[in-house]
Amino acid sequence: MAPGPVALVGSGEYLPVMAGVEGALLIGRPPRYVQIPTAATLESRASVDRWVALGVEQAARLGVEAVPVVVRNRDDADDPALAALVEGAGLVYLSGGSPVHCASTLRGTAVWDAVLAAWRGGAALAGCSAGAMSLTSWVPDLRHPSRSADPGLGIVPEVRVIPHFDRFAGWVPDIITRYLTRAPEGTAVVGVDEDTAVVWDGTSWTVRGRQSAWLLSRAGRVGHADGETVEMPGPIL
């Protein structure tokens, strides 16, 4: 069986505005919505509980089973009971928070092995904001730009993602330059606006959502709206 689709989401995970995108990822797949809020687990317990509740509400909108897999640290990530929860997923979703914490906590663990097995078996795999950044091979600490980037989870190693792109230019004025100057030859740098995703269907990336995705280069930026294809490298098994 071929791997499932991959979605890199700018923002909006678990919210009504993205229900159409998330529902499309589940079409033809088991009605089992696995959410992994690891990126948020450095925040308060209330914050993690909020993410879990939002995922449960979204699953109810979509008419599927909500399966929260709360992995806070590497001990959790190697827990066979938590890894077993991923089995049979139709969609596995990494939500927002700290991309560095998400990638460093999951990489090389039983839970991540279970996610890879589910995706390679046909489940959809999505990451939003920090979750999207962690699916690449280069995970910068945006709050500490002098720090070296961490390795990511490596699903899309030749893509670098700037989520919340319509807002990040104001938050971090030099972010585009920072990404482009550190990108190896052949690596695509994509900015994904809020409430928007780029989705790999096995052959190409397509924009889904209410705003745009932007392919960035030293020559400028090219915007792509809902339904348009973005030319960039696909996932690596």
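Buried residues (under 20% relative accessible area with a 1.4 Å probe, protein chains only) make up 55% of the 237 residues in the protein chain. Keep in mind that this is a predicted model, where local features need pLDDT of at least 70, side-chain atom pairs count only at pLDDT 80 or more, and totals for chains, interfaces and linings use all residues. Numbering runs from 1 along each chain as its sequence is written, and side-chain values use heavy atoms, with hydrogens and water left out.

**Overall build**
- The chain has nine helices and 12 strands, taken as DSSP runs (H or I, at least four residues; E, at least two) numbered from the N terminus.
- Its radius of gyration, over C-alpha atoms, is 16 Å, close to the 18 Å from the globule rule (2.2 Å times the number of residues to the power 0.38), so the chain is as compact as a globular protein of 237 residues.
- Along the principal axes, the C-alpha atoms fill a box of roughly 45 × 35 × 35 Å.

**Cores**
- The largest nonpolar core (buried Ala, Val, Leu, Ile, Met, Phe, Trp, Tyr and Cys joined through side-chain atoms within 4.5 Å) holds 47 residues.
- L8, W112, L135, I155, V198, W205 and M232 touch the most other members of this core.
- Helix α6 (residues 110–120) gives the largest share of the core, seven residues.
- Leaving out residues up to four places away in sequence, I155 touches V6, W112, L116, W119, L125, L135, P235 and I236, counting heavy atoms within 4.5 Å.
- Another core, of 20 residues, lies apart from the largest one and includes V9, L26, A126 and A197.

Conventions. Buried < 20%, exposed > 50% of the residue type's maximum accessible area, 1.4 Å probe, protein only.
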